[in-house]
Amino acid sequence: MDNNKNFFNQLNPSKIYGNEIYEKTKKYQKQYGFKIGKGKQDTWNNESDAFKHTFMQADLALKTTAGISKFLGDWHESKGRKTGQNPKEENMDKWNNAIGREIAQEIENEIDSITIKYLILNNKMDDIVAQKVVNRMKKGDLITDPFNDKRLFENSYYNGHIYTIEEIEKMTSQEFKLHKQEIMKQIKDKGMPMKDKSNANGSKSNDTSNNSGSDDGHWVTINGNHVLIDN
């Protein structure tokens, strides 16, 4: 069974591409010396992770389009969300993905399309992209630590997603502060449904037993405590 699973994984285009980007990340890590971890999670929540995502999105955008690159990047993050990825990690990935697409745009502004295709076909574009990614990392443009960086991606984890009371209750105080603005906007626009009453299109639940509004703000439950969120 395991052999069959490994065989089909080898035929999976996303797996193949993911492995290719991972190997390129390790190659450029040795060249530029940015930080990398150890073991199976060596490119996780560190500079190598930031490089990998940024490089990947730039590469995809140049080989396809920025729209396709974004779609595939967001799809990958949605899979992580379903398996319990921390929202701060998703925020880091989406931030760096966006920088990658910016880099692709920079290259398209600097080099004509025919030359770009030539460089890609002759495996000469990777070095150009890698250098730009590293430059942006050195400038501090990338998020390299999801838990100690307060920058939020404009369309972050909760974009298009409806907060529920259960989700907020599970947040740490730091996580709540990080996403307070988004939570307040949702309360004002759509309310705060219970998890089992929310639905895919984000319509407001009729159940408001665990939150209430007033002219001064809205009460919600955070870590077992009732908190008044200003309007």
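Lysine 63 has a relative accessibility of 41% and therefore counts as partly exposed. Its salt-bridge partner is aspartate 59, with N and O 3.2 Å apart. Aspartate 59, at 4% relative accessibility, counts as buried, because the cut-off for buried is under 20% relative accessible area. The two residues are four positions apart in helix α3, so about one helical turn separates them. The model described here is a predicted one.

**Overall make-up**

The secondary structure of the chain consists of 10 helices and three strands. Along the sequence the order is α-α-α-α-α-α-α-α-α-α-β-β-β, so the strands follow the helices. The chain has 231 residues, and 41% of them count as buried.

**Salt bridges**

Side chains of opposite charge can pair when their charged atoms come close. The count in this model is 13 salt bridges. Three of them are listed below, including the pair in helix α3.

| Salt bridge | N to O distance |
|---|---|
| Lysine 24 and glutamate 20 | 3.0 Å |
| Aspartate 59 and lysine 63 | 3.2 Å |
| Arginine 136 and glutamate 102 | 2.8 Å |

Lysine 24 and glutamate 20 both belong to helix α2, where a spacing of four residues puts about one helical turn between them. Which of the two counts as buried, and which as partly exposed? Lysine 24 is buried, with a relative accessibility of 15%, whereas glutamate 20 is partly exposed at 31%.

The salt bridge of arginine 136 with glutamate 102 has its N and O atoms 2.8 Å apart. Arginine 136 lies in helix α7 (residues 125–138) and glutamate 102 in helix α5, so this pair ties together parts that are 34 residues apart in sequence. Arginine 136 counts as buried, with a relative accessible area of 11%. Glutamate 102 has a value of 38% and is partly exposed. Both residues belong to one network, in which salt bridges that share partners join Glu102, Glu106, Glu110, Lys132, Arg136, Lys139 and Asp141.

**The largest pocket**

The largest pocket has a volume of about 1,200 Å³. Its lining is made up of 30 residues. Which residues lie nearest the centre of this pocket? They are Ser14, Gly18, Lys52, His53 and His76.

Four helices each supply at least two residues of the lining: α2 (13–32), α3 (47–63), α4 (66–82) and α5 (87–110). The largest share comes from α2, with eight residues. By residue class, the lining of the largest pocket divides into nine nonpolar, 12 polar and nine charged residues.

Helix α2 thus supplies lining residues of the pocket and also holds the salt bridge between lysine 24 and glutamate 20. Helix α3 likewise supplies lining residues and holds the pair of aspartate 59 and lysine 63. Helix α5 is another contributor to the lining, and glutamate 102 lies in this helix.

**A nonpolar surface patch**

Ile68, Phe71, Leu72 and Trp75 make a nonpolar surface patch of about 400 Å². One of these residues, leucine 72, has its place in helix α4, a helix that also supplies at least two residues of the pocket lining. How accessible is leucine 72, and what does it count as? Its relative accessibility is 34%, so leucine 72 counts as partly exposed.

Technical notes
Residues numbered from 1 in each chain as written. Predicted model: local features only at pLDDT ≥ 70, side-chain atom pairs only at ≥ 80, totals over all residues. Heavy atoms only, no water. 1 Å grid on protein atoms, 1.4 Å probe; cavity = no way out; pocket = protein on both sides within 12 Å on 5 of 7 lines; lining within 4 Å. Points joined across faces, edges and corners; volume = space filled by probe spheres on them. Nonpolar A, V, L, I, M, F, W, Y, C, P; charged D, E, K, R; others polar. Patch = residues over 30% accessible without salt bridge, like charges linked within 9 Å, V, L, I, M, F, W, Y side chains within 5 Å. Areas by Shrake-Rupley, 256 points an atom, 1.4 Å probe, with all protein chains shown as cover. Salt bridge = Lys/Arg side-chain N within 4 Å of Asp/Glu carboxyl O. Buried < 20%, exposed > 50% of the residue type's maximum accessible area, 1.4 Å probe, protein only.
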